[in-house]
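Trainee: I should like to ask for a close look at a single part of this model, the pair of chains and how they are built. Please begin with the second chain and then turn to the other.

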Amino acid sequence: MTLLAVERIKLFSTRSPWWCMLLALGSTIGITAIIAANWDGAPMPVLGAVFSYTFGLFVIMVMAALAVTTEYRFGTIKSTFQAVPDRVSPMIAKAVVVMLLSGLVGLAAAFGSWGLSWVLADDNSDLALTTANDWRHVAGIGLVFAAGALLALGIGALVRHTAGAVSIILVFALVVENVVALIPNIGDDIQKWMPFTVVNKFIFGDPDPSAIPEGAGPPAIGELSPWGSFAYFAGIALAIYIISLVVVKRRDA
Amino acid sequence: MIEAVGLTKRYGKTVAVDNLSFTVEPGRVTGFLGPNGAGKSTTMRMILGLDRPSAGKVLIDGKSYGQLDRPLRTVGALLDAKWVHPNRSARAHLQWMAKSNGLPAKRVDEVLDLVGLTKVAKRRAGGFSLGMSQRLGIAGALLGDPKVLLFDEPVNGLDPEGILWIRQFMQGLAADGRTVLVSSHLLSEMAVTAQDLVVIGRGRLISQSSTTEFVERSTENTVRVRSPHADKLGAMLVDKGFTVREDEDGSLTVTGAASDEIGDIAAASGVVLHELSPQRGSLEQAFMQLTGDSVEYHAELAETGK
């Protein structure tokens, strides 16, 4: 418990996490507001309200990566390991604090987007959260933010440099996952196992039939069920995080 | 007490620390001396469990660092004053450290007071001068009221007032019965700070002894001679087998002879002497001699004199 308090003090005694959280909320909700205000003709579906979640996800992943890389950048990781030489427990404490925070920001971004859509959309008759799938589309974003933060913490601890970690995350999620589809023959098969593509299905997959006309919704590709998709994404995040723990334990600080 | 036994650290083919064994006793300031790149910082990081030794071990009161429970209560260290998040306040920096080892929050205010940073405690540490950063680092080292303290080049870049403060501070800590290990590449600084010296070069132990002993053993005694007949006297001294160097101002520096002998030789041949003064070799020279072969990066020194 004391180590959780230590990581909480560290995180909140600098400004960048605050900026990242504000930016994550602002970008997600702001873009949703534009979408909602321009939604004409048909009732706005729940999926329309959460369509922009990836903007917040990437910002929160940058925040999580920074939580580790700034410790390396400024040498405080050495003070941390001096204070707690087993190294693993402070890293786990950091993961717990950052994931909790990211999950909360995810929920705030999701319900903020959904609430604002309710207010701004011309026709909000389809926006009510009536089924389990509706709840997953919105509340699931909290889980994705938390799992994404874990992945970013792992990458940050492995790479140790802010620029490197942030580039890997953004280039992979925004470029690599899209470009692989262009590889002849096997591209599509590879893409449908890419983590950010898969986790999209957790948020967007299996909408209730009334909400979206067939084939008109956001892309939800992959072989797994929505919850299976989340387990896949979270599993990859956990695996990379555990590898980072092993490396941090063995490496010279 | 710190005990290093056969401590070795290799980076690929480079050996940074080579089979180093030494002990650091409580109640004294022990200087850890060596040229830049000798392996002092690497050794200190291994003492703190930050770097893993390739071979050998280092124990603190019989335990390795990793075995210490809440280690800030046993060992305090200042390895680099810049190991602080620049946007975090001095107090917040100390708060998380205190929290991590179960130290009361009021201890933070105590150490801030001890190093004289109370007034700037809420300011961001990135705006601190080097001297203030060093004080913050020392405050961090003292948080757990530890018995063992490590300082890596604490006076580097400080003004004379700061140097004096740190020197007296370390001596005070040793006088309390604590074990104090302080590294430096300046023998002159260590000569006035440390009672014991562990001297290393290229990762190897060169000597471990008391400072006085080290200085006496390693300084070269010379005699400075000024004479209107310097050439004649110089030639005679060389004939006797002494080493004579002529300095730029025309005076001679004689190695290997006592001043009495030189005076006798001068009198016997009627040479007038204007000065005959025994010189203690400088500490820096002694240090250079001892570690000269073990400096990793040699700069070409221009030859002076003959």
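Mentor: In this predicted model, chain B contains 10 helices and 13 strands. Its C-alpha trace extends over about 80 × 45 × 35 Å along the principal axes. Two domains are assigned in chain B: domain 1 covers 2-217, and domain 2 covers 221-280. Taken over C-alpha atoms, the centres of these two domains of chain B are 46 Å apart.

Two percentages describe how chain B is packed. Of its 306 residues, 42% are buried. Among the contacts in chain B with a separation of 6 or more, 70% are between residues that stand 24 or more positions apart.

One residue of chain B deserves a remark on its backbone. Asn19(B) is part of strand β2 (residues 14-24) of chain B. Its phi is positive, about 50°, although Asn19(B) is not a glycine. Is Asn19(B) buried or exposed, or something in between? Asn19(B) counts as partly exposed because it has 15 C-beta neighbours inside 10 Å, whereas 20 or more would be needed for a buried residue.

Chain A offers a companion case. Arg87(A) sits in the loop between α5 and α6 of chain A. Phi of Arg87(A) is near 70°, again a positive value in a residue other than glycine. Arg87(A) is buried, because 20 other C-beta atoms lie within 10 Å, and 20 is the number at which a residue begins to count as buried.

The two chains also touch each other. On one side of this contact are 22 residues of chain A, and on the other are 27 residues of chain B. On the side of chain A, the elements that give two or more residues are α1 (2-12) and α5 (76-83). Sorted by class, that side of chain A has 10 nonpolar, eight polar and four charged residues.

Within chain A, one pair of helices may be followed in detail. How do helix α4 (residues 53-73) and helix α6 (residues 88-120) of chain A cross? Their axes come within 11 Å and cross at roughly 160°. α4(A) and α6(A) are therefore roughly antiparallel to each other, since an angle over 145 degrees falls in that class. The crossing in which α4(A) passes α6(A) is right-handed. From α4(A), the contact is made by Tyr53(A), Gly56(A), Ile60(A), Ala64(A) and Ala67(A). From α6(A), the residues are Lys94(A), Val98(A), Ser102(A), Val105(A), Ala109(A) and Ala110(A). By class, this contact of α4(A) with α6(A) has eight nonpolar, two polar and one charged residues.

A last residue of chain A shows contacts that reach along the sequence. Ile169(A) belongs to helix α8 (residues 162-179) of chain A. Why does Ile169(A) count as buried? The reason is that 23 other C-beta atoms lie within 10 Å of Ile169(A), and 20 or more are enough for a residue to be called buried. When its neighbours within four places in sequence are left aside, Ile169(A) is in contact with Met61(A), Ala65(A), Ala152(A) and Ile155(A). Leu151(A) is 18 residues away from Ile169(A) along the chain, and the C-alpha atoms of the two are separated by 9.1 Å.

Methods:
Residues numbered from 1 in each chain as written. Chains lettered and ligands numbered in written order. Predicted model: local features only at pLDDT ≥ 70, side-chain atom pairs only at ≥ 80, totals over all residues. Domains from an automatic or database assignment. Contact = placed C-beta atoms within 7 Å. Helix = DSSP H or I, 4+ residues; strand = E, 2+ residues; numbered from the N terminus. Nonpolar A, V, L, I, M, F, W, Y, C, P; charged D, E, K, R; others polar. Buried ≥ 20, exposed ≤ 12 C-beta atoms within 10 Å, placed from the backbone. Axes fitted to C-alpha atoms, helices over the stretch in contact; angles between N-to-C directions. Parallel < 35°, antiparallel > 145°, perpendicular 65-115°, else oblique. Left-handed = near helix turned anticlockwise from the far one by under 90°.
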